[in-house]
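Reader: I am new to reading structures and would like to know how the labels given to parts of a model are justified. Could we go through some of them together, with the reasoning behind each?

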Amino acid sequence: MASVVPLKEKRLLDVKLGELPSWILMRDFTPRGIAGAFQRGYYRYYNKYVNVKKGSVAGLSMVLAAYVLFNYCRCYKELKHERLRKYH
């Protein structure tokens, strides 16, 4: 027999589409709750990719790739303007 998990304790992947609005309203959107979500995400990433027995550069290269992508998106308007300029 399956145990029933309260909606507040379900992960996002386990929430059904009809339950999604009420699940979102149960989340903690205070500054402390948002900081806690970022902290959990950081620790999950750190323990999965950085703090391993046989580590590689994969974890750090993902951070670098995200940084490069973020800066490219931030500067896209200026880069687009430079691309369309004619040099003659």
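**The pocket and the rings**

Author: Let us begin with the largest pocket of this predicted model, which is lined by 16 residues, with Trp23, Arg27, Gly33, Ala37 and Arg40 lying nearest its centre. Two or more residues of that lining are given by each of the elements α1 (20-26) and α2 (31-50), and the largest share, six residues, comes from α2. The space in this pocket is about 420 Å³.

Reader: What kinds of residue make up the lining of the largest pocket?

Author: The lining divides into seven nonpolar residues, two polar ones and seven charged ones.

Reader: How do you know which helices and strands the protein has?

Author: The protein has four helices and zero strands, and reading along the sequence therefore gives the pattern α-α-α-α, in which each run is a helix by the DSSP assignment.

Reader: Why is the pair of tyrosine 42 and tyrosine 46 called stacked?

Author: Two rings pair if their centres lie within 6.5 Å, and planes under 30 degrees apart count as stacked. For tyrosine 42 and tyrosine 46 the centres are 6.0 Å apart and the angle between the planes is 25°, so both conditions are met and the pair is stacked. Both residues lie in helix α2, four residues apart, which is about one turn of the helix.

Reader: What makes the pair of tyrosine 72 and tyrosine 76 edge-to-face?

Author: The ring centres of tyrosine 72 and tyrosine 76 are 5.9 Å apart, and their planes stand at 65°; since an angle over 60 counts as edge-to-face, that is the label the pair receives. A search of the whole structure finds four aromatic pairs, and ring pairs also link Tyr42, Tyr43 and Tyr46 into a cluster.

Reader: Why is tyrosine 42 called partly exposed?

Author: Buried means under 20% relative accessible area and exposed means over 50%, with partly exposed in between. Tyrosine 42 has a relative accessibility of 48%, which lies between those limits, and so tyrosine 42 counts as partly exposed. The same reasoning applies to tyrosine 46, which at 32% is partly exposed, and to tyrosine 72 at 43% and tyrosine 76 at 35%.

Reader: What makes tyrosine 45 buried, partly exposed or exposed?

Author: Tyrosine 45, which is found in helix α2, has a relative accessibility of 23%; because buried would require a value under 20%, tyrosine 45 counts as partly exposed. The C-alpha atom of tyrosine 45 is separated by 8.2 Å from that of glycine 59, although these residues are 14 apart along the chain.

Reader: How much of the whole protein counts as buried?

Author: Of the 88 residues of the protein, 8% count as buried. The protein exposes about 8,700 Å², and carbon and sulfur atoms supply 65% of that area.

Reader: Where does UniProt place the "transmembrane region", and what does the model have there?

Author: The UniProt record, an unreviewed entry, places the feature "transmembrane region" at residues 55-73. Over residues 55-73 the chain in the model is 84% helix and 0% strand, with the end C-alpha atoms 30 Å apart.

How values were computed
Residues numbered from 1 in each chain as written. Predicted model: local features only at pLDDT ≥ 70, side-chain atom pairs only at ≥ 80, totals over all residues. Heavy atoms only, no water. 1 Å grid on protein atoms, 1.4 Å probe; cavity = no way out; pocket = protein on both sides within 12 Å on 5 of 7 lines; lining within 4 Å. Points joined across faces, edges and corners; volume = space filled by probe spheres on them. Nonpolar A, V, L, I, M, F, W, Y, C, P; charged D, E, K, R; others polar. Buried < 20%, exposed > 50% of the residue type's maximum accessible area, 1.4 Å probe, protein only. Areas by Shrake-Rupley, 256 points an atom, 1.4 Å probe, with all protein chains shown as cover. UniProt positions renumbered as here; feature names shortened; annotations may be inferred.
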